[in-house]
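Visitor: I'd love a close look at one part of this model. Could you take me through its interior, please?

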Amino acid sequence: MPRVRGGIVPLLLALAVVHTNAQAQAPGSDTDPKEALQELLSKALTVTVSARVLPPDAQEETPVWNAESTKLTLPGRSIKVRLDGENVRIYLICTPYLQDNGEVLLVAQGQVWFTEPQDKENRYFSTFYSIPVSFGEKVLFFPLGLSDADAQQKNHFNIELEIKIVPYEKKQ
Amino acid sequence: MPMCPDLEILSAYFDDEIPAPWGREVAAHVATCERCRARLAELQETRSIMTEEDSQGWRAPMERVRRRILAHVPIGRQRASVWRRQVALPLPVAFLAAVLILTFGITLAVLATRTNMGYIRVTKAPAGGTEYQFAVPYDKVEALLKSMGGADATIESVMTIPKSVKLIPVGEPRMGKANEFPRKKP
C-alpha cells in the first residue's frame, strides 16, 4: 500500500526562523519565537485522505487498490491531493476551518478530468462542498459518482476518497 | 364762539392733513380765534427749530460716519479666488519645502514597493482568540512553498492508480459525511 506522508513541521520551523529574523527587524514585537511556534502547532490539523478503488462486486469490501496521504496543515490553508489514473485525473482540495464551537468546517473542491475510452472525449466535473464535521468524523467523496446496482452489474470499479481531520498531536 | 379744536386737530391742520370741508371749518375758526393762532404759531416755531437742528447739528456727523464706512468697504471690488491667490515665499524656504516634499514622496514609494519586510505577529484578543499576521519576503515564500512541494500555496500529494483499474463515471460527483452513504450489505 503506497503511503504518502507530508510534514508541516518544516514549514513551521521555517516560519519560526522568519519570525526570529523579524524580531530583529520589528523591535516593537515582543512575541517569543518558541511561543509563536507552539501557537501554530496548537492550531495545526492532520488531514488524512484515503483513496480506495472497490471492486464491482458489492459484497466484496476489500479494495483492489488503496492509498493514503496524511498532511499537516493550518486552519485556512488548503491541501491538495491528486489521483492519476489511466483515463482519469482527480483533484481534491481540502481547506479546513476551525469554528467557534470547536468543530471543523471542511471546504472541499473536487475536480475530475476523464477521458472516454472509446471516443477519447474529455469530460470535466468540478464540485465544491462545505461540510461542518467533528474531529475524526469521516467524509466520503465519490469523484465519479456513487454506483448503484446497475453500475455494479456492468463491472465498473468504484473509487471513493475518505477525508478525516484530527488535531495535530506532537509525537513524544 | 365755537369751541376750539384740540391740539391734535390743529397739528393735522398745520400739516395740511384735514380734508377740504373740515379744513375750511378749522381755517375759519383759526381766523377768528386768537388762542388757536397762538397754538399754530407754536407749531410753526417747533418745525423751524427741528429743521434748523437737522441741517446744522446732524448732517455733518452723519456725513463723517458715511465716509468712514465707505473708506473701509471697497465698492465694486471682489475678493480673489483661492486658486488665484499668490503667496510670496523667500527662495530658501521654497527650496527647502520642495526638498521635503520630494523626500517624503520617495520614502513612500520605497516603502510601498519594499518586499523584504518579514515578520510574524501574534496578537491575542481579549476574548481569547489569536490572530496571526505573516509577512515574509518573496524569496522566503518561495522557499516555504518548495519545502511543501507545491508550486502554489497548497500541498499536493500524488497517488497513482494502477493501469489495470478502469474507472468510468457512473454519476455526478458526491461528497458527504460517511453516515450519509451506508454500505450496501448483501
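Visitor: Which residues of the largest nonpolar core touch the most other members?

Guide: Happy to help, and please keep in mind that this is a predicted model. The residues you are after are L92(A), F141(A) and I163(A), which touch the most other members of a core of 37 residues. At least two residues of this core come from each of α2 (33-43), β2 (45-54), β3 (65-73), β4 (79-84), β5 (88-98), β6, β8 (138-142) and β9 (158-167) of chain A. Of these, β2(A) gives the most, with six residues.

Let's stay with L92(A) for a moment. Leaving aside neighbours within four places in sequence, L92(A) is in contact with V49(A), V81(A), A108(A), G110(A), F141(A) and L161(A). One of those partners, A108(A), leads us onward: its bridge partner in β7(A) is Y129(A). That pair belongs to a longer ladder, since strand β6 (residues 104-115) and β7(A) run antiparallel and are joined by 12 bridges. The cover over β7 (residues 122-133) is another matter: among its 12 residues, the count of buried ones is zero.

Now for the wider setting. Chain A has three helices and nine strands, and along the sequence they follow the pattern β-α-α-β-β-β-β-β-β-β-α-β. Of the 172 residues in chain A, 32% are buried. Among contacts with a separation of 6 or more, 56% link residues 24 or more positions apart. As a general background, nonpolar side chains in soluble globular proteins tend to be buried together.

Technical notes:
Residues numbered from 1 in each chain as written. Chains lettered and ligands numbered in written order. Predicted model: local features only at pLDDT ≥ 70, side-chain atom pairs only at ≥ 80, totals over all residues. Buried ≥ 20, exposed ≤ 12 C-beta atoms within 10 Å, placed from the backbone. Helix = DSSP H or I, 4+ residues; strand = E, 2+ residues; numbered from the N terminus. Pairing = 2+ DSSP bridges. Core = buried A, V, L, I, M, F, W, Y, C linked by C-beta atoms within 7 Å. Contact = placed C-beta atoms within 7 Å.
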